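These are my notebook entries on a single model, kept in the order in which I looked things up.

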Amino acid sequence: MSELTKKSFLNFLTSIFKNVGVLCLTFVLTPLLLDLLGASDFGTFKVLMEIHGHLGLLEMGLYAGLISCLIPLCNKGETKELQELLSEGFYHYVKIALWTLLLGLALMPFLKKLTSWPHADSTDLYWTFTLMLATSIFIPTINYRAYLEANNKGHKVNLIIFFQNIIFLLVSVLFAWLGWKMKSQGMALLISGAAGSFVIWKVSGVKLTLNRKDPNKYSKIISQQRKPQIMNEVANRLSMHCDNIVLAMMVGPVMVAKVFVGQRVIQVIQSQLLSLGQASWASLGNLYYESNKNQELFELRLMEMTKVLSVAAVVLIVPICILNQSFLALWLGEKYLMDSNALTYLASANAFFFSLFSFWALIFTVLGKPAQITNMMWSQALINLPASILFTKLLGGIGPLAGTFLSYMVVPLWVYPNLLVKNFNLHRKTLLSSFLLPGIAGALIILVYHYVPWKFKVDGWANFLVTGLCIFLVNGTFFFLIFFNSNEKRIFFNRLKTIWKSFAGRKA
C-alpha cells in the first residue's frame, strides 16, 4: 500500500472516530438540551447558526484558493514559498475577521424577524448572537487548518475538531443547566472555538506574522482562484444553507427543532460520507500533480472512490430509513415524530447525492478548476431556494428537503458526470453505473419495505440495536458481494491486512 493510501485511510479512520464519538455524546445530551432550552430556543439557536454561517461568505473563496495553491508546494517541499504563501493567507484572514464582526453587528436589527423570535424580551437573542460574533477573532487560524489539510494531515484536523465538538457539547449543557438559557449555546461556541483554534495553531507548528515580504507574489495567484470560488460558495449557501431560515420564517422555530432532530442521525451519516470523500482528496491532488505517468492511476482512484462512496452511502442509509422513526420514538418520544416517513426518505436521498456531489466538487476545487462547476451550482441554487419556499408553503416542514431533492434531480445529477468525463477522460458508462446502480438498488429495498405489511417491531434499546446491526450487516454484505468485482475485493482485503500489520507493528 502506498504512503498516500495509508494517509487517506488514517484520515478516514480518525474521521470515523470523530463522528461516532460526537454522535454518542449528542445522543445523550440532546434530550437534556431540549428540556433545558425548550424546542423554541433550541430551534432559534439553529437558525442563528445558519445566519452566522452565511457570514463565512466574506471569506470569498480564500480557503479553497489557498488549498489549491498549497497542494503543489507541499508536494514539492518548497518550505520558503510555503511560509510566504501562508503569511499572505494569514493577512487576508485578519481582514476577513474584522469584516465579519462589522457585518454581524449590522445584522442585529433584523434578527427578530429572521428567527421569528417568539418572546417579548430580546436580550437572550442579542447576547447569543454577540457571543457567536466574538468567535470572529479565531478566523485567522483557518490558515493553519488549510496547511494541515493540504499537507495530507487531515487526521490531525479530525482529532482537533473532535476535541472542539466535545468541549462545545459539554459546556453548552453545563451553562444551560446553570440557567443561561440560549446564551449558554453562544458561550459554548466561543469557548470551544478558542480551545480548537489554540490547538490547531500549536499542532501546525507554523509561526506567521502580518509582515509580508512580497505582497504581490501570491496575492494575484490566490485572487485568480478566489473569483470562481466565491461564486460557487454563494451558490452553495443559497442552495444548501437557508433551510432553517425558511422554516423559521414560514412555519416557526419549533418546526426547525423537529426537522433538525428528525434528520439528526442522517446528518451524522452524511458527515461521515463527506469525511470519506475528504480523506482522499489530498492524495488525489498529489497524484494529479506528481507527473503524467500517474494520470491513469488518478483516474482509477477517482472512479474507485466514487463507487466506494456510493456503496457506503446506501449501506449506511438503508437501516436509517427503516428504523429512524423507531429511533426518534425511543430517543425523544413521539412528540418529535413527523406525520410520515417523508422527512427520513428525502433527507436520506439528499445525503446520498450530497456526499457524491461534494466529493466531485472538491476534486475540481483542489485541482484549480472551480470555474468548471460555477454555472451548474448557480443553476441548482436558482431552482433550490424558490422550490424550497414553495414546497414549505405546500408541504410544511419537509419543504426545504423536497426543494433540495428536486434541484439535485434537475441539475447536478446530469451535469457533474459530463464535467468529469470532459475534464478527466473517465468512461461515461462506468462512471454512471458506479453510483446509479447502488443508488437504485438501495431505493428499491426501501420501497419494498415501505409497502410490505410486515414491519420490524422495536420495543426497546436492546431490540433496536440488535435489529439495526443485523440490517446493516446483511445490507453491507449484499452490496459488497454484488457491486465490487473480484479484483476490488482482493484490493480491499489486502489493504485491511496492510493496515492491521502496520498497527500491530507499531504496537509491538
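Entry 1, the surface. I took a patch to be made of residues with over 30% relative accessible area and no salt bridge, where like charges are joined within 9 Å and nonpolar side chains (Val, Leu, Ile, Met, Phe, Trp, Tyr) within 5 Å. Accessible areas come from the Shrake-Rupley method with a 1.4 Å probe, and for residues only the protein chains shown count as cover. I note that this is a predicted model, in which local features need pLDDT of at least 70 and side-chain atom pairs count only at pLDDT 80 or more, while totals for chains, interfaces and linings use all residues. Residues are numbered from 1 along each chain as its sequence is written, and side-chain values use heavy atoms, with hydrogens and water left out.

With those settings I found a nonpolar surface patch formed by Leu32, Leu36, Leu174, Trp177, Leu178 and Trp180, which together have about 610 Å² of accessible area. Helix H1 (3–37) and helix H8 (154–177) are the elements that give two or more residues to this patch; helices are DSSP runs of H or I with at least four residues, numbered from the N terminus. I looked up Leu32, which is placed in helix H1, and at 42% relative accessibility Leu32 counts as partly exposed, the class between buried (under 20%) and exposed (over 50%), with a 1.4 Å probe and protein chains only.

Entry 2, a covered helix. Helix H11 (residues 243–250) is mostly covered, since six of its eight residues are buried, namely Asp243, Asn244, Ile245, Val246, Leu247 and Ala248. After H11 comes Gly252, and I noted its positive phi, near 115°.

Entry 3, salt bridges. I searched the whole structure for a side-chain nitrogen of Lys or Arg within 4 Å of a carboxyl oxygen of Asp or Glu, and the search gave three salt bridges.

- Lys183 pairs with Asp124, with the closest N and O atoms 2.7 Å apart. Because Lys183 lies in helix H9 (residues 183–204) and Asp124 in helix H6 (residues 123–133), the pair ties together parts 59 residues apart in sequence. I read Lys183 as partly exposed at 22% and Asp124 as buried at 13%.
- Arg145 meets Glu149 at 3.6 Å, N to O, and the two are four residues apart in helix H7 (residues 142–150), about one helical turn. Arg145 is partly exposed at 32%, whereas Glu149 is buried at 13%.
- Glu304 meets Arg301 at 3.8 Å, N to O, and these two are three residues apart in helix H14 (residues 295–331), again about one helical turn. Glu304 is buried at 18%, whereas Arg301 is partly exposed at 22%.
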